[in-house]
Amino acid sequence: MKLYAFQGYRYNSAKVDAAAQAAPPFDQIDEFLRDRLHAQSPHQFARVTKPVGRDGRTPHEDSVALHREWIETGVVVRDETPSVYPYAISQRDGSRRLGLCALVGVEPGREGDLWPHEQTVAKSIAERLDLLRLSRIDIEPVFYLAEDDGTLERLLDDDCNTAAGDALVSHTDPWTGDVHKLYRITDTERIGDYAAALTGARAAIADGHHRTQVAQTYAAEEGAVSGTAPACKMVVLTSLASANLRIDPVHRGIRVPVDREAMSSLPLHREALAETSGAAIAARVAAADQPTVAVWFQGDAAPELWILDATTAPADMPGRKADLPASLLHHHLLRTGGVPLKAATDGSIAYEADPDDIIALLTRSEIAAGVFLPPMTPKQFALATEDGDLLPPKSTRFLPKLVSGLVWCGHDAEVVEG
């Protein structure tokens with residue numbers, strides 16, 4: 001992939017508390033949270049990522065006008081020289097996930113540098129594309145996993161440890177307690193080390209398929225010149241070799257009828273569960289021999305643990321090398337139960353990160369069955385996707401999530417190839 005340093009926009013710490021302005025990604029903000037964040041500060045970053053229209057302006061127009069105002073008043077400044085930005089997230093359990101915020105080329109012809117790892121649920125890209133066209137600002141990074149040999153992780157570990165007391169900003173997530181720290185590297189030789197580590201490497205789009213599509217569409221329609229900001233997407237790159245890569249499951253609620261007898265006739269080991277809370281069920285699934293799911297049919301008093309026989313799955317099942325429960329569910333169990341593959345993307349399945357939300361759907365009789373999945377290891381992810389397989393939607397949930405508002409990139413920024 002092509003890696004570029006860029007002049008980042010950042011909050012001016014002499015004017016505002018930069019850490020207090022950071023916000024969750026725009027797609028994690030509902031109307032209630034939006035209003036709560038907006039009320040915190042006139043400079044809260046959610047005001048430009050999740051705007052509301054004021055003074056006769058549309059929400060997008062208001063976002064652009066507000067950002068321009070922040071620049072004019074010195075609330076936001078731009079770094080003088082192109083830089084890359086190490087990004088460390090320290091979690092409550094003592095682990096630390098490291099990434100590099102930089103630009104990656106996404107113009108036509110660079111599609112081979114990136115690979116989507118799962119099908120996406122239908123979602124219009126028009127809204128974010130319209131904002132990008134109007135603002136010409138790459139406002140939020142997406143999360144990619146670099147298929148490197150581990151050098152990226154070693155470089156980041158060295159730089160974050162060396163600059164441990166010199167973070168540009170340190171934001172504590174009020175919901176999770178995770179601490180997000182951003183650093184800056186301007187040394188051209190060091191930037192070159194990062195670029196060399198990623199030369200020839202591909203990246204998996206871990207979180208940000210639709211935003212990547214927005215950037216690719218914009219670069220194509222603008223005829224963006226390679227090596228310029230409009231031809232790039234701002235990303236945070238983490239090595240697939242990282243020891244602290246966490247991939248949590250997304251559970252399923254099946255809204256359409258399911259032939260449970262046909263599903264139950266497949267080769268599998270069934271075990272009744274005493275647990276009835278979503279969290280407890282998910283914990284049992286995670287601790288079981290794999291591949292395993294828990295299934296709770298509407299009307300049953302309790303769920304069952306199903307240990308699956310992957311050898312009986314279709315030969316063309318994606319992710320077969322890793323025997324992924326999500327793939328076995330969609331391509332084997334549900335298909336056998338009369339639920340077609342298209343159900344994964346047409347609204348027939350509810351996707352919930354919180355297992356207790358599946359219980360709530362069952363309680364309200366809104367689903368025919370709830371399915372609880374285990375987490376995935378980085379090794380499973382690499383094995384499942386190494387041949388370019390597209391996994392079922394929401395097969396992965398990479399945590400912790402990035403926050404927005406630490407650094408961002410205008411399309412008129414100076415860009416330098418590493």
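Residue classes used below: Ala, Val, Leu, Ile, Met, Phe, Trp, Tyr, Cys and Pro are nonpolar; Asp, Glu, Lys and Arg are charged; the others, Gly among them, are polar. The model is predicted: local features need pLDDT of at least 70 and side-chain atom pairs need pLDDT 80 or more, while totals for chains, interfaces and linings use all residues. Numbering starts from 1 along each chain as its sequence is written, and side-chain values use heavy atoms, without hydrogens or water.

**View A. The largest cavity draws its lining from helices and strands.** The whole structure holds seven cavities of 30 Å³ or more. A cavity is a set of points, on a 1 Å grid over the protein atoms alone, where a 1.4 Å probe fits but cannot get out; a pocket is an open set with protein on both sides within 12 Å along at least five of seven lines; a lining residue has an atom within 4 Å of a point. Points are joined across faces, edges and corners, and volume is the space filled by probe spheres set on them. The largest cavity encloses about 220 Å³. Its lining counts 17 residues, and L132, I137, D138, I139 and V214 are the closest to the centre. At least two lining residues come from each of α5 (126-135), β7 (137-138), α8 (209-222) and β12 (232-239). Helices (H or I, at least four residues) and strands (E, at least two) are DSSP runs, numbered from the N terminus. By class, the lining of this cavity has ten nonpolar, two polar and five charged residues.

**View B. The second largest pocket is lined most by helix α4.** Its volume is about 160 Å³. Helix α4 (residues 59-72) supplies four lining residues, the largest share. V64, H67, R68 and I71 belong to the lining, as do Y9, S135, R136, I137, G410, H411 and D412. Four nonpolar, four polar and three charged residues make up this lining.

**View C. Helix α4 packs obliquely on helix α5.** The two axes come within 10 Å and cross at roughly 40°. Axes are lines fitted to C-alpha atoms, for helices over the stretch in contact; angles run from 0 to 180 degrees between N-to-C directions. The crossing angle therefore makes α4 oblique to α5. Angles under 35 degrees are called roughly parallel, over 145 roughly antiparallel, 65 to 115 roughly perpendicular, and the rest oblique. From α4, the contact uses H60, E61, S63 and V64; from α5, it uses E127, D130, L131, L134 and S135. Contact means heavy atoms within 4.5 Å. The classes split into three nonpolar, three polar and three charged residues.

**View D. Helices α6 and α7 pack roughly antiparallel.** Helix α6 spans residues 151-162 and helix α7 spans 188-198. Their axes lie 9 Å apart, at an angle of about 155°. That angle is why α6 counts as roughly antiparallel to α7. On the α6 side stand T151, L152, L155, L156, D158 and D159; on the α7 side, R190, D193, Y194, A197 and L198. This contact contains six nonpolar, one polar and four charged residues.

**View E. Helix α10 meets helix α12 at an oblique angle.** Helix α10 (residues 278-287) and helix α12 (residues 355-363) have axes that come within 7 Å and cross at roughly 120°. So α10 is oblique to α12. Helix α10 contributes G278, A279, I281 and A282 to the contact, and helix α12 contributes P355, D356 and I359. Five of these contact residues are nonpolar, one is polar and one is charged.

**View F. Q290 and P291 are joined by a cis peptide bond.** Omega is about 5° for this bond. P291 sits in the loop between α10 and β16 (292-297).

**View G. A cis peptide bond also links L399 to P400.** Here omega is about 0°. The loop between β20 (397-399) and β21 (409-410) holds P400.

**View H. D323 has a positive phi.** The value is near 50°, in a residue other than glycine. D323 belongs to the loop between β17 (304-308) and α11 (325-336).
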